[in-house]
Amino acid sequence: MNCKQALPLMHEYLDGDLQGSEALDLKQHLLTCPECHAIFRQMETTDALVRSIPAPVASNDLTDRIMGSLPPVKKRSPWIQWVRKHPAVSVAAVFLLTMAGSFGSMWNNNTELMVRGTDLDRVIIQGDKVIVPKGETVKGNLVVENGELVVEDNANVEGNLVVIDGNMYLASTAHITGDKIRIDQALSWLWFKINEIVH
């Protein structure tokens, strides 16, 4: 056995894990090699010192003192826990609220007269007033935003009349084949816009 082989075996011998022929070979090497013998004596002394140190004894209240020194656990509100468990629903709700807010601001900010329809050459526009004159026939839907719609005597509209944030005046002899819709609330307007996009 040489010195390189003896050193790791010394550790095993001191730990009590070396037995049999390897233990005998190590003892013979230590008797013949003064350098390894000196190293072994130092390791043996160090091992004896470490073993003589008494094991620390934990006091009974150690766990309580450690737990008491930790910062308190912050309680999360149930609302935040629900949002964290359902991120897709939370994102969808934020998106819908944002869209509703933007539609609401569009409802309040838009004050310009807008007229839509397929047969607009039959109507007269004066300021913020849209007039279907006497005896004229408008084919298709007629939508007026931020103004007044006046359908005069014997005028015909073959479609729906929609007035958004304005007024509608129909003569008693006017003939409308579709629905007459007056939208004066932001929620109704939002619903109308969604239906308009879908259809």
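Is Arg122 buried, partly exposed or exposed? Arg122 is partly exposed, with a relative accessible area of 39%. Let's keep that residue in mind and look at the whole chain before coming back to it.

**The whole chain**

What you have in front of you is a predicted model. The protein chain holds seven helices and 11 strands. It has 199 residues, and buried ones make up 26% of them. Its accessible surface comes to about 14,300 Å², and 58% of that belongs to carbon and sulfur atoms. What about contacts along the chain? If you take those between residues at least 6 apart in sequence, 29% join residues at least 24 apart.

**Helix H3 and its neighbours**

Find helix H3, which runs over residues 34-52. Its 19 residues reach 27 Å from the first C-alpha to the last, close to the 27 Å expected at 1.5 Å a residue. Now try looking around the helix instead of along it. Cys36, Phe40 and Met43 are buried in H3. They cover an arc of only 65 degrees around the axis, so they sit on the same side of H3. Turn to the other side of H3 and you meet exposed residues: Pro34, Glu35, Gln42, Leu49 and Ser52.

What do the buried residues of H3 pack against? Their partners are helix H1 (3-15) and helix H2 (21-32). His29 is a nice residue to click on here, as its place is in helix H2. His29 counts as buried because its relative accessibility is 8%, and buried means under 20%. Leaving aside neighbours within four places in sequence, His29 is in contact with Met1, Asn2, Cys3, Ala6 and Cys36. Cys36, remember, is one of the buried residues of H3.

H3 also has a salt bridge of its own, between Asp47 and Arg51. Both residues lie in H3, four residues apart, which is about one turn of the helix. Arg51 is exposed, with a relative accessible area of 55%.

**Salt bridges**

A search of the whole structure finds six salt bridges. Here are some of them, with the distance from N to O.

| Pair | N to O distance |
|---|---|
| Asp47 and Arg51 | 2.9 Å |
| Glu145 and Arg116 | 3.3 Å |
| Arg122 and Asp119 | 3.7 Å |

Take the bridge between Glu145 and Arg116. This pair links distant parts of the chain: Glu145 is in strand S5 (residues 142-145) and Arg116 is in strand S1 (residues 114-117), 29 residues apart. Glu145 counts as buried, at 4% relative accessibility, whereas Arg116 counts as partly exposed, at 27%.

Now back to Arg122, whose side chain meets that of Asp119 in a salt bridge. Salt bridges that share partners join Asp119, Arg122 and Glu136 into one network. Asp119 counts as buried, at 14% relative accessibility, while Arg122 is partly exposed.

**Loops with a twist in the backbone**

Most residues other than glycine have a negative phi. Which way does Asn146 go, positive or negative? Its phi is positive, near 60 degrees. Asn146 is found in the loop between S5 and strand S6 (148-151), and it is buried, with a relative accessible area of 14%.

Asp165 also has a positive phi, of about 50 degrees, although it is not a glycine. Asp165 lies in the loop between strand S8 (161-164) and S9. With a relative accessible area of 35%, Asp165 is partly exposed.

One more loop is worth a look: the one between strand S9 (167-170) and strand S10 (175-176), where you'll find Thr173. Thr173 is partly exposed, at 41% relative accessible area. How far is Thr173 from Asp153 in sequence and in space? The two are 20 residues apart in sequence and 5.2 Å apart in space, C-alpha to C-alpha. Thr173 touches Asp153 and Asn154, if you don't count residues up to four places away in sequence.

**A nonpolar patch**

Finally, check the surface around Leu62. Leu62, Ile66, Met67 and Leu70 make a nonpolar surface patch of about 370 Å². Leu62 is found in helix H4 (residues 62-69). It counts as partly exposed, at 32% relative accessibility.

Notes. Residues numbered from 1 in each chain as written. Predicted model: local features only at pLDDT ≥ 70, side-chain atom pairs only at ≥ 80, totals over all residues. Heavy atoms only, no water. Patch = residues over 30% accessible without salt bridge, like charges linked within 9 Å, V, L, I, M, F, W, Y side chains within 5 Å. Areas by Shrake-Rupley, 256 points an atom, 1.4 Å probe, with all protein chains shown as cover. Salt bridge = Lys/Arg side-chain N within 4 Å of Asp/Glu carboxyl O. Helix = DSSP H or I, 4+ residues; strand = E, 2+ residues; numbered from the N terminus. Buried < 20%, exposed > 50% of the residue type's maximum accessible area, 1.4 Å probe, protein only. Expected span 1.5 Å × (residues − 1). Arc of directions from axis to C-beta. Contact = heavy atoms within 4.5 Å.
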